[in-house]
Amino acid sequence: MALKNTSTTITSLCSIPTLFLSLTLICTLSVTLFFLFSNPQAQTQTQTQTQATLHHLKVYISDLPRSLNYGLLDTYYSSTTFDSRLPNNPHHKTHIPKNLKFPPYPENPLIKQYSAEYWIMADLMTPDNLRTNSFAKRVFDLNQADVVFVPFFATLSAELQLGTNKGVFRKKVDENMDYVRQREVLDFVTKTQAWNRSGGRDHVFVLTDPVAMWHVRAEIAPAILLVVDFGGWFRLDSKSSNSSTPDMIQHTQVSLLKDVIVPYTHLLPRLQLSEDQRRQTLLYFKGAKHRHRGGIVREKLWDLLVNEPGVIMEEGFPNATGVEQSIRGMRTSEFCLHPAGDTPTSCRLFDAIQSLCIPVIVSDNIELPFEVGYLKSFSEEQKNKFQQNMAHVQSIFEYDNGHPGGIGPINPDGAVNHIWKKVHQKLPMIKEAIVREKRKPPGVSIPLRCHCT
């Protein structure tokens, strides 16, 4: 499937309505997905030198009961029920000492990939004398706070319900304990002085699972939402004149003006550049062939690529065997395929970065031709440069600080610190929104929908 170098061929490929694919190399991906980087090494040195003079993000923690955060981990480990979505689950809850103040986050890969909520909160729970690396400064006086962190493990709450009784997950019933917990959080938070002073606009919710806080999204719409992408927040506009149109209208709840895109937690261990060995495979993918919504593109890709020389397409589940296969596959491949899943991105992208496997981003929103022959055209020098760029940014996508329960100093150039800095960047707009809301005459409402993202 070599790509002919003619404008006629390119035009023809771009006109195919069923599948548009794009190759985005990691040096560009890292910039657009999370942070702007021109020279990561130089920027890291500058950040270290100027850390003492930077303004901190002052964070007040809402006083939710422990049952809505670390208590959910107690519930997880005390349960004798296996996750029904993970056959032959090797990640069960054994050998965890009871009465731990900060239990570890589950190793179940379906849950672990969303563990940002755990590491962000652990930074705030770490004693001040160990938090000199953190851009966030915890304050205990609400009047000193820039933002209010809501310490609800929303993803863990959702995954507990999905793993035990998925049938009631989307129902507002007492049997749906995730819904009950969502209501408990909102009933508590919305009655506080902190919420009333800002209408919730300065509150921070971590919602890395696309279905986290499913039943109360409209109520937390004004808040700062930390999400992995906007894929779970799209819907067809009910007022569209053509109900069959594929165009999606964004929910009012999400906007890059106030919200922060954060990384998934990678599941595969980090490969150092010095440990990298010669790679024999051109392109690798491992995952479910059949997905929903945007993930339909996977089936088309599978049929196109499964018999291509130098391409490995493996269908598998994220159990212990699947993890070992993924480590071997990503570390022996030059490029790793990253098609859309249930949402536009997945933790596979960050596994590829940690494995120094150059990601191939697949999207049906970017009209560029894709051919396996194009991947073969890159020289060894070019591919080595891509890997060097990935090695420079690996730490940016790392949450784990290596301390039990996450209680300890964080990496100043790690994911948690960069998230705090991104939240800090939103403050001027958030403060302006609070002032504008207070200026509104009583009874006047302003439509929330905007296309400013």
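At what angle do H6 and H15 pack, and how far apart are their axes? Keep that in mind while we walk through this predicted model.

**Stop 1: the sheet**

Start by selecting the strands of the open sheet. Six of them form it, in the order S2-S1-S3-S4-S5-S8, and the pairing is parallel. Now look at the two ends: S2 and S8 (260–261) are the edge strands, and each has a single partner, so one side of each has no neighbour in the sheet.

Zoom in on the S8 end. Strand S5 (residues 224–227) pairs with S8 in the parallel sense, over two bridges. To see how they line up, pick Leu226 and look across to S8, where Val260 stands opposite.

**Stop 2: a helix on the sheet**

Next, select H15, residues 415–439. This helix packs on the sheet and touches S1 (57–61), S2, S3 (147–149), S5 and S8. Compare directions while you're here: H15 makes about 95° with S1.

**Stop 3: H6 meets H15**

Keep H15 on screen and add H6, residues 116–125. Here's the answer to the opening question: the two helices pack at an angle of about 85°, and their axes are 10 Å apart. Angles from 65 to 115 degrees count as roughly perpendicular, so that is how H6 and H15 sit relative to each other.

Want to see the side chains involved? Show Trp119, Ile120, Asp123 and Leu124 on H6, then Val416, Ile419 and Trp420 on H15. By class, this contact has six nonpolar residues, no polar ones and one charged.

**Stop 4: Arg131**

Move along the chain from H6 into the loop that leads to strand S2 (136–138), and click on Arg131. Is this residue buried or exposed? Its relative accessibility is 7%, and buried means under 20%, so Arg131 counts as buried.

Now display what surrounds Arg131. Leaving out residues up to four places away in sequence, Arg131 touches Asp123, Leu124, Thr126, Ala136, Lys137 and Arg138. Look closely at Ala136: its backbone oxygen lies 2.9 Å from a polar atom of the Arg131 side chain.

**Stop 5: H7 and H8**

For the last stop, select H7 (residues 154–164) together with H8 (residues 177–189). Their axes come within 8 Å and cross at roughly 155°. Anything over 145 degrees counts as roughly antiparallel, so H7 and H8 fall in that group.

To view the contact itself, show Ala154, Ser157, Ala158, Leu160 and Gln161 in H7, which meet Met177, Asp178 and Arg181 in H8. Colour these by class and you'll find four nonpolar, two polar and two charged residues.

How values were computed. Residues numbered from 1 in each chain as written. Predicted model: local features only at pLDDT ≥ 70, side-chain atom pairs only at ≥ 80, totals over all residues. Heavy atoms only, no water. Helix = DSSP H or I, 4+ residues; strand = E, 2+ residues; numbered from the N terminus. Buried < 20%, exposed > 50% of the residue type's maximum accessible area, 1.4 Å probe, protein only. Polar contact = N/O pair within 3.5 Å; in protein donor to acceptor, adjacent residues only side chain to side chain. Contact = heavy atoms within 4.5 Å. Axes fitted to C-alpha atoms, helices over the stretch in contact; angles between N-to-C directions. Parallel < 35°, antiparallel > 145°, perpendicular 65-115°, else oblique. Nonpolar A, V, L, I, M, F, W, Y, C, P; charged D, E, K, R; others polar. Pairing = 2+ DSSP bridges.
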